[in-house]
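Trainee: I'm new to this structure and would like a close look at one part of it. Could you take the side-chain contacts and walk me through them slowly?

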Amino acid sequence: MPRYKYNPTKSNIERASVPGSKASITIEASLVIPIFLFAMLCLIYTLEIQTLRTQILFATENAAKEEAAGTGTIPIVNTARMKQNIIRQIGKEKLNRSIIVNGADGIQCSKSYLSVFNYEIHAKTEYSVQLPFPEFTNIKLPLCEKMIIKAWNGNQKKDKNLQREAIVYITEYGIVYHEDLKCPYLEPKIKYVSYEEVKMLRNLYREKYTRCTKCVYGSPLSGVYVSEHGNKYHNSLNCSSLKRNIFAVKKTEAGIRKGCSKCTH
């Protein structure tokens, strides 16, 4: 019988290899895409957790300050009231829709206390967030925001000369001094609104909100922070134009600062 020689040409080889290459690419894609999507989900969760922690830390600080103001009369920390204060500042519905386990009920302040040795409030807010894993795994991340705030223990009559001299309150970059610690210019009411909503809002003086040059770069991604008396919107709660460090000094140490038009008489 005649023998036939089969010599595969280059084109035949290429045609034979194409299906295998496509199959390998499909397998690689099926492995890489889920990993990529999971990485993106983790990144989104990381940003969400960081935003949530900032809001809870800010609310905890305000709640602890209110407790510190009342320790001169009753030297205790009301942890139930502190928890309700935090929920009120952030919003119960917002907490219930968040990734916090059990929503607003998941906020716990029971470990906050007043130290009788140095008269300091040790504020501690505990909660857990649900991680982006299947629900049956029940993997949660416990978090805690804590700080120490000096409590008020009433007037101390140690130095008669110091007692006669008036005490005023100033901020690091402020140009006026305040006689009332609860002056709204010292502790502005801050709220979180969407970027689209801030375009329509006005402050107490009917002024529009404009971009803060210290913490806003480009267009905000979702929401911003505004205060009733300010005229800027902010990306960060820690912006020096939004959050103020308050110092109690003698009136003679206020320098060239003038009295606040709202609280100084």
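Mentor: Here is a walk through the side-chain contacts, with a few neighbouring features along the way.

Before anything else, keep in mind that this is a predicted model. The mean pLDDT of the chain is 78, with 79% of the residues at 70 or more. Confidence peaks in helix H2 (residues 79–90), where the mean is 92, and it is lowest in helix H4 (residues 160–164), where the mean drops to 48. Where pLDDT is low, the predicted coordinates should not be read in detail. So go easy on helix H4, given its mean of 48.

Let's start with the charged pairs. How many salt bridges does the structure hold? There are 7 of them. A good one to begin with is Arg53 with Glu145, whose side chains meet at 2.7 Å, N to O. Look at where the two partners sit: Arg53 belongs to helix H1 (residues 10–70), while Glu145 belongs to strand E3 (residues 140–150). They are 92 residues apart, and the pair links distant parts of the chain. Their surroundings are worth a look too. Arg53 is partly exposed because its relative accessibility is 28%, whereas Glu145 has a relative accessible area of 6% and is buried.

Now stay in helix H1 and find Glu61 and Lys65. Their side chains form a salt bridge as well, at 3.5 Å from N to O. This one is local: the two residues are 4 apart in helix H1, so about one helical turn separates them. Here Glu61 is the buried partner, with a relative accessible area of 17%; the cut-off for buried is under 20%. Lys65, at 32% relative accessibility, is partly exposed.

Helix H1 has another feature you can pick out, this time without charges. Ile27, Leu31, Val32, Ile33, Phe36, Leu37, Met40, Leu43 and Leu47 make a nonpolar surface patch of about 900 Å². One of these residues, Leu37, lies in helix H1.

Back to charges, further along the chain. Lys199 and Glu196 form a salt bridge in which the closest N and O atoms are 3.6 Å apart. Lys199 is partly exposed, with 45% relative accessibility, and Glu196 is exposed, with a relative accessible area of 54%. Elsewhere, Lys111, Lys124 and Glu126 are joined into one network by salt bridges that share partners.

Next come the rings. Across the whole structure, a search turns up 2 aromatic pairs. In one of them, Tyr192 and Tyr225 have 5.0 Å between their centres and 55° between their planes, which is a tilted arrangement. Tyr192 sits in strand E6 (residues 190–194) and Tyr225 in strand E8 (residues 223–227), so you're looking at a link between distant parts of the chain, 33 residues apart. Tyr192 is partly exposed at 34% relative accessibility, but Tyr225 is buried, with a relative accessible area of 7%. The other pair is Tyr195 with Tyr233: the ring centres are 6.0 Å apart and the planes meet at 65°, so this pair is edge-to-face. Tyr195 lies in helix H5 (residues 195–198) and Tyr233 in strand E9 (residues 232–233), so the contact ties together parts that are 38 residues apart in sequence. Both Tyr195 and Tyr233 are buried.

What about the cysteines, and how many disulfides are there? The count comes to 0. To see why, remember that a disulfide needs two cysteine sulfur atoms within 2.5 Å. For Cys144, the closest cysteine sulfur is in Cys109, 9.7 Å away, so it is too far for a bond. Cys260 has its closest cysteine sulfur in Cys263, at 3.8 Å, and that is also too far for a bond. As for their settings, Cys144 is partly exposed, with a relative accessible area of 26%, and Cys260 is buried at 4% relative accessibility.

One last stop, away from the contacts themselves, is Glu93 in helix H3 (residues 92–97). Glu93 is exposed, at 60% relative accessibility. Its C-alpha is 8.4 Å from that of Gly103, and the two residues are 10 apart in sequence.

If you want two places to revisit, try Arg53 with Glu145, where the salt bridge links distant parts of the chain, and Tyr195 with Tyr233, where the pair is edge-to-face.

Methods: Residues are numbered from 1 along each chain as its sequence is written. This is a predicted model: local features need pLDDT of at least 70, side-chain atom pairs count only at pLDDT 80 or more; totals for chains, interfaces and linings use all residues. Side-chain values use heavy atoms; hydrogens and water are left out. pLDDT is the predictor's confidence in each residue, from 0 to 100. A salt bridge is a side-chain nitrogen of Lys or Arg within 4 Å of a carboxyl oxygen of Asp or Glu. Buried means under 20% relative accessible area, exposed over 50%, partly exposed in between (1.4 Å probe, protein chains only). Rings of Phe, Tyr and Trp (its six-membered ring) pair if their centres lie within 6.5 Å; planes under 30 degrees apart count as stacked, over 60 as edge-to-face and the rest as tilted. Patches are made of residues with over 30% relative accessible area and no salt bridge: like charges are joined within 9 Å, nonpolar side chains (Val, Leu, Ile, Met, Phe, Trp, Tyr) within 5 Å. Accessible areas come from the Shrake-Rupley method with a 1.4 Å probe; for residues, only the protein chains shown count as cover.
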